[in-house]
Amino acid sequence: MFPSWPMRFQQTVRGSSKSGGESTDSLSSKAETQLEAESPSSKKASSDQQTFDQTHLQPLPGQQQLEMASDNIRTGPSQNQSVAKQPLEKTLRRLAQNREAAKKSRLRKKAYVQQLESSRIKLTQLEQELQRARSQGLFLGGGAGAGVDISSGAAIFDMEYARWLEDDHRHMSELRTGLHAHLSDGDLRVIVDGYISHYDEIFQLKGAAAKSDVFHLITGMWTTPAERCFLWMGGFRPSELIKMLIAQLDPLTEQQVVGIYSLQQSSQQAEEALSQGLDQLQQSLIDTIAGGSVSDGMQHMIVALGKLSNLEGFVRQADNLRQQTLHQLRRILTVRQAARCFLVIGEYYGRLRALSSLWSSRPRESLISDDSSCQTTTDLQMVHPTQSHFPNF
């Protein structure tokens, strides 16, 4: 285990030990200490001890980081948490806002796509009905004959008016059922408000149709012949309608009677003002078309077209007067009175349409008898001319 000693050292030690006792022991002890100090095993052991101390006593890099991290955690945990919490909250808030904005965008896109799809389906149906009507050569409204050419806007209005009439029958049945079933005022109010909205819809349709073909509205070609006899500027006269309703709405309170008569008077004044304005417009058109020379005829036609565009304004004002009259009646009357009022209006126009159907479907023999009766009446008037109220003619 130990390295072999050089022979010369062993011989010297042995020779000196023979010569003297104490000197030999002293020399041997010095030599041993010197040899131990200078021996390579002692040097190697000391160097190994130093290396062991350096490697095992010095801390490793990972241990240094862990100790530093633990020191940081012990020294300032609240500061590190507050620093890390601020950007985290901002990120979460931003993500929530982005999700909400994306959700709203998806909902808007879905509603827009549904609206486009419903408009496309409706337009396709209108085009199909319009082609069918053109192939038959008939109006889709109330009273047109065959072979009459109308504008696309007028044809679309006729189809919408036919759909409105179907909804009108449904609203009428709801009003009738509600009155007979003695519903509560709250339930009956819902039905009455629905009927008011139903009439608001037809006024909106007429406003759109007036832009495309105002003559179709003002002449009443979308109604039946019997209804056409009572038209005023493309609709009913509000004052005449109120006069018809007064006898159907008894009993009324004194305040209601005053309100209804005041509404009738104001409606009649507005009707007279619109009628005077329409008469002035017609007279102005006559003067524009008839006046001037033949060479300036085109210029006069341009001026007449500009004046004729005012006709749409008169129809709109008349429809506005009709709409406001219905809303005022709803405010003056109670819920049950308003239900009876709108039921009377719907039945009145339903009877006019039924009268037109009966008139158009009457047998041919009655037509011949009517012609003969008319001829007889003319002959009687010719035989007795002195009974005329106009002797100058």
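## Exercises on a helical chain

The count of salt bridges in this chain comes to 14. The model is predicted, so keep that in mind as you work through the exercises.

### Exercise 1: Get your bearings

**Task.** Find out how many helices and strands the chain has, and what share of its residues is buried.

**Solution.**
- Start with the secondary structure: there are 15 helices and zero strands.
- Next, look at burial. The chain has 393 residues, and 26% of them count as buried.
- Then turn to the outside. The accessible surface is about 27,300 Å², and carbon and sulfur atoms hold 57% of that.
- Last, check who touches whom. Take the contacts with a separation of 6 or more: 72% of them join residues 24 or more positions apart.

### Exercise 2: Follow salt bridges from helix to helix

**Task.** Work out which helices are linked by the salt bridges Asp 193 to Arg 330 and Asp 319 to Lys 206, and say how buried the partners are.

**Solution.**
- A general idea helps here: side chains of opposite charge can pair when their charged atoms come close.
- Take Asp 193 and Arg 330. Their closest N and O atoms are 3.7 Å apart, which fits the salt-bridge cut-off of 4 Å.
- Now place the two partners: Asp 193 sits in helix H7 and Arg 330 in helix H13, with their positions 137 residues apart in sequence.
- Burial differs within this pair. Asp 193 has a relative accessible area of 36%, so it is partly exposed. Arg 330 comes in at 17%, so it is buried, because the limit for buried is under 20%.
- Move on to Asp 319 and Lys 206, whose side chains meet in a salt bridge at 2.9 Å, N to O. Asp 319 lies in helix H13 and Lys 206 in helix H7, so this pair ties together parts 113 residues apart in sequence.
- Here both partners, Asp 319 and Lys 206, are buried.

### Exercise 3: Start from Glu 271

**Task.** Find the salt-bridge partner of Glu 271, and then see how Leu 321 fits in.

**Solution.**
- The side chain of Glu 271 meets that of Arg 237 in a salt bridge (3.4 Å, N to O).
- Arg 237 is in the loop between helix H9 and H10, while Glu 271 is in helix H11, 34 residues away.
- Compare their exposure values: Arg 237 is partly exposed at 32% relative accessibility, and Glu 271 is buried at 2%.
- Now bring in Leu 321, which lies in helix H13 (residues 311–332). Among the residues Leu 321 touches, beyond those up to four places away, are Trp 232, Pro 238 and Glu 271.
- Leu 321 and Glu 271 are 50 residues apart in sequence, yet 8.4 Å apart in space, C-alpha to C-alpha.
- Leu 321 has 15% relative accessibility, so it counts as buried.

### Exercise 4: Look around His 198

**Task.** Is His 198 buried or exposed, and which side chain does it meet in a polar contact?

**Solution.**
- Find His 198 in helix H7.
- Its relative accessible area is 3%, so His 198 is buried.
- The side chain of His 198 makes a polar contact with the side chain of Asp 168, at 3.3 Å.
- Beyond its neighbours within four places in sequence, His 198 is in contact with Trp 164, Asp 167, Asp 168 and His 171.
- One of these residues leads further: Asp 167 belongs to a network of salt bridges with Glu 160, Arg 163 and Glu 201.

### Exercise 5: Nonpolar residues, inside and outside

**Task.** Name the helix that gives the largest share of the largest nonpolar core, and the helix that gives the most to the nonpolar surface patch.

**Solution.**
- Begin inside. The largest nonpolar core has 56 residues, and those touching the most other members include Leu 175, Tyr 199, Leu 245 and Phe 342.
- Helices that each supply at least two residues of this core include H6, H11 and H14. H7 has the largest share, with 11 residues.
- Pick out Leu 245. Apart from neighbours within four places in sequence, it contacts Leu 329, Cys 341, Val 344 and Ile 345.
- Now go outside. Ile 289, Met 298, Met 301 and Ile 302 form a nonpolar surface patch with about 420 Å² of accessible area together.
- Helix H12 (residues 297–308) gives the most to the patch, with three residues.
- Met 301 is in helix H12, and at 41% relative accessible area Met 301 is partly exposed.

Key
Residues are numbered from 1 along each chain as its sequence is written. This is a predicted model: local features need pLDDT of at least 70, side-chain atom pairs count only at pLDDT 80 or more; totals for chains, interfaces and linings use all residues. Side-chain values use heavy atoms; hydrogens and water are left out. Helices (H or I, at least four residues) and strands (E, at least two) are DSSP runs, numbered from the N terminus. Buried means under 20% relative accessible area, exposed over 50%, partly exposed in between (1.4 Å probe, protein chains only). Contact means heavy atoms within 4.5 Å. Patches are made of residues with over 30% relative accessible area and no salt bridge: like charges are joined within 9 Å, nonpolar side chains (Val, Leu, Ile, Met, Phe, Trp, Tyr) within 5 Å. Accessible areas come from the Shrake-Rupley method with a 1.4 Å probe; for residues, only the protein chains shown count as cover. A nonpolar core is a set of buried Ala, Val, Leu, Ile, Met, Phe, Trp, Tyr and Cys residues joined through side-chain atoms within 4.5 Å. A polar contact is a pair of N or O atoms within 3.5 Å; within protein, one must be able to donate a hydrogen and the other to accept it, and residues adjacent in sequence count only if both atoms are side-chain atoms.
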